[in-house]
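Biologist: Got a minute to go through this model with me? I'd like to start with the rings and then move on to charges and the backbone.

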Amino acid sequence: MREYVNVRSSLLFCTFLLIQFYGQSQQVDTSNPMNNNITLNVDHPNRKRMEYFLNSVTEKLEQVSFDWRDWKQADKIISGHKFNNSDSSLTITVLFTSSYDDANEIAKANALPLLPNAKWSVNGDLLYLVESEDENKVSEVLSLFAGKE
């Protein structure tokens with residue numbers, strides 16, 4: 001009987017913890033309202049995560065025409081999207097790939113490290129390039145992407 005009580009108590013405690021964890025994980029962070037309403041048309045496991053990052057950028061973004069097929073190593077790109085702010089002083093390019101290695105090879109093949117007013121980063125199977133004459137804008141966007149994982 002004593003073992004039954006201990007097992008039952010343990011199960012009740014675990015259930016309580018699961019309910020608490022589930023409730024906390026379902027809460028929405030309203031302290032950082034979304035500034036954009038971007039939906040990406042791509043079948044990729046990190047689509048939602050990239051949408052969240054793009055929608056969190058403080059600048060209002062608009063998707064612009066972008067042919068990622070012109071990039072070197074384009075056969076490793078699943079999909080690509082490009083966004084500008086209203087005065088085109090900020091450009092964000094996002095490439096979806098199958099792996100970190102593919103994203104890194106694309107960046108190197110297109111000489112992204114050599115661009116003077118841009119910084120790029122690979123995050124898993126995502127490659128993003130942030131361009132602006134304003135270095136602070138570039139840093140702000142890159143830190144947003146890096147800091148909210």
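Biologist: So how many aromatic pairs does the structure hold?

Modeller: It holds two aromatic pairs. Rings of Phe, Tyr and Trp (its six-membered ring) count as a pair if their centres lie within 6.5 Å; planes under 30 degrees apart are stacked, over 60 edge-to-face, and the rest tilted. One of them is Tyr 52 with Phe 53, edge-to-face, at 6.5 Å centre to centre and 65 degrees between the planes.

Biologist: And which residues make the other one?

Modeller: Phe 66 and Trp 71: the ring centres are 6.1 Å apart and the planes sit at 90 degrees, so that pair is edge-to-face.

Biologist: Are those two buried or exposed?

Modeller: Both Phe 66 and Trp 71 are buried. Buried means under 20% relative accessible area, exposed over 50%, and partly exposed in between (1.4 Å probe, protein chains only). In the other pair, Phe 53 is buried at 2%, while Tyr 52 is partly exposed at 32%.

Biologist: Before I go on, what should I know about the model itself?

Modeller: This is a predicted model, where local features need pLDDT of at least 70 and side-chain atom pairs count only at pLDDT 80 or more, while totals for chains, interfaces and linings use all residues. Residues are numbered from 1 along each chain as its sequence is written, and side-chain values use heavy atoms, with hydrogens and water left out.

Biologist: OK, charges. How many salt bridges turn up?

Modeller: Four, from a search of the whole structure. The criterion is a side-chain nitrogen of Lys or Arg within 4 Å of a carboxyl oxygen of Asp or Glu. Among them is Arg 47 with Glu 51, at 2.9 Å, N to O.

Biologist: How far apart are Arg 47 and Glu 51 in helix H2?

Modeller: Four residues, so about one helical turn separates them in H2 (residues 47-56). Helices (H or I, at least four residues) and strands (E, at least two) are DSSP runs, numbered from the N terminus. Glu 51 is buried at 6%, whereas Arg 47 is partly exposed at 22%.

Biologist: What does Arg 69 pair with?

Modeller: Arg 69 forms a salt bridge with Asp 67, at 3.5 Å, N to O. Arg 69 is exposed at 57%, and Asp 67 is partly exposed at 37%. Arg 69 also lies over the face of Trp 68, 4.4 Å from the ring centre. For that, NZ of Lys or CZ of Arg has to be within 6 Å of the ring centre and within 35 degrees of the ring normal.

Biologist: And what about Lys 76, which residue does its side chain meet?

Modeller: Glu 105, in a salt bridge of 2.2 Å, N to O. Lys 76 is in the loop between strand S1 (61-64) and strand S2 (77-85), and Glu 105 is in helix H3 (residues 100-109), so the pair ties together parts 29 residues apart in sequence. Glu 105 is partly exposed at 36%.

Biologist: Switching to backbone: what's phi at Gln 73?

Modeller: Near 65 degrees, a positive value in a residue other than glycine. Gln 73 is in the loop between S1 and S2 and is partly exposed at 30%. Ser 88 has a positive phi too, near 60 degrees, and is found in the loop between S2 and strand S3 (91-97).

Biologist: Last one: in what order do the elements run?

Modeller: From the N terminus on, α-α-β-β-β-α-β-β-α, with four helices and five strands in the chain.
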